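This report describes one protein chain, part by part. Please look at the sequence and the structure below before reading on.

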Amino acid sequence: MKPDLPQTLFLLNTTVLLTHQIDAAYWHEWNLFHLPGGNQFNLILNLPIIALALMAFLQVATHSPHQRLSHQFLAGLGLLTVAIHTGFFLAGHPEFRQPMSLFLLAATFILSLAQLKTLPPANRNSKT
């Protein structure tokens, strides 16, 4: 089965967001958040976020009644990521200024907006 446009956008946005998390490890993002425990605590925090993104993808891939909410979740996560990093930029932090880091954030912004614009219709039989 060929993925539809919302599924494709979800997959692309998930890929970009997860790649950003790899980049975040390179930049020691936990220091920007002043997280105690450094990378170890950062990894623990990423476990539920990645699990939720993968569970949301399952909802989208199977056209679950919850797929619309899953799209909203991932797009919201993407926009939150961009907003947080915009704050870091405005505060003068030098991290995430390499071309690929900036590309990933820009792609997250564009894909998140595109996801919201192409949301599948609400399922009238569900409460999502």
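Ser70 touches Phe10, Ala56, Gln59 and Val60, leaving aside residues up to four places away in sequence. In this predicted model, Ser70 is found in helix α4. Its relative accessibility is 7%, so Ser70 counts as buried, the cut-off for buried being under 20%.

Two of the contacts of Ser70, Ala56 and Val60, are themselves among the buried residues of α3. The others in that set are Gly38, Asn42, Asn46 and Ala53. The buried residues of α3 pack against α1, α2 and α4. Helix α3 has 24 residues, and from its first C-alpha to its last it reaches 34 Å. That is close to the 34 Å expected at 1.5 Å a residue.

Helix α5 can be described in a similar way. It covers residues 99-117, which makes 19 residues, and its span of 27 Å is close to the 27 Å expected at 1.5 Å a residue. Which residues of α5 are buried? They are Ser101, Leu104, Leu105, Ala107, Thr108, Leu111, Ser112 and Gln115. These residues lie on the same side of α5, because they cover an arc of only 165° around the axis. Among the elements that cover them are α1 (5-26) and α4 (67-90). The face turned away from the buried side of α5 carries Pro99, Ile110 and Lys117, which are exposed.

The two helices compare with their expected spans as follows.

| Helix | Number of residues | Span, first to last C-alpha | Expected span |
|---|---|---|---|
| α3 | 24 residues | 34 Å | 34 Å |
| α5 | 19 residues | 27 Å | 27 Å |

Next come some residues in α1 and in the loops. Tyr26 lies in helix α1. Is Tyr26 buried or exposed? Its relative accessibility is 52%, so Tyr26 counts as exposed, since exposed means over 50%. The C-alpha atoms of Tyr26 and Thr86 are separated by 18 Å, and the two residues are 60 residues apart along the chain.

His28 sits in the loop between α1 and α2 (29-32). Although His28 is not a glycine, it has a positive phi of about 55°. With a relative accessible area of 38%, His28 is partly exposed. His34 is placed in the loop between α2 and α3. His34 is not a glycine either, and its phi is positive, at about 55°. The relative accessible area of His34 is 69%, so this residue is exposed. A further histidine, His63, comes just after α3 and takes a positive phi of about 55°.

The last topic is the largest pocket. How much space lies in it? The largest pocket holds about 400 Å³. Its lining is made up of 20 residues, of which Gln21, Glu29, Asn46, Ile49 and Thr81 are the closest to its centre. The elements that give two or more residues to this lining are α1, α3 (38-61) and α4. By class, the lining of the largest pocket has 12 nonpolar residues, seven polar ones and one charged one. Asn46 thus has two entries in this report: it is one of the buried residues of α3, and it is one of the lining residues closest to the centre of the largest pocket.

Note on methods: Residues numbered from 1 in each chain as written. Predicted model: local features only at pLDDT ≥ 70, side-chain atom pairs only at ≥ 80, totals over all residues. Heavy atoms only, no water. Helix = DSSP H or I, 4+ residues; strand = E, 2+ residues; numbered from the N terminus. Expected span 1.5 Å × (residues − 1). Buried < 20%, exposed > 50% of the residue type's maximum accessible area, 1.4 Å probe, protein only. Arc of directions from axis to C-beta. Contact = heavy atoms within 4.5 Å. 1 Å grid on protein atoms, 1.4 Å probe; cavity = no way out; pocket = protein on both sides within 12 Å on 5 of 7 lines; lining within 4 Å. Points joined across faces, edges and corners; volume = space filled by probe spheres on them. Nonpolar A, V, L, I, M, F, W, Y, C, P; charged D, E, K, R; others polar.
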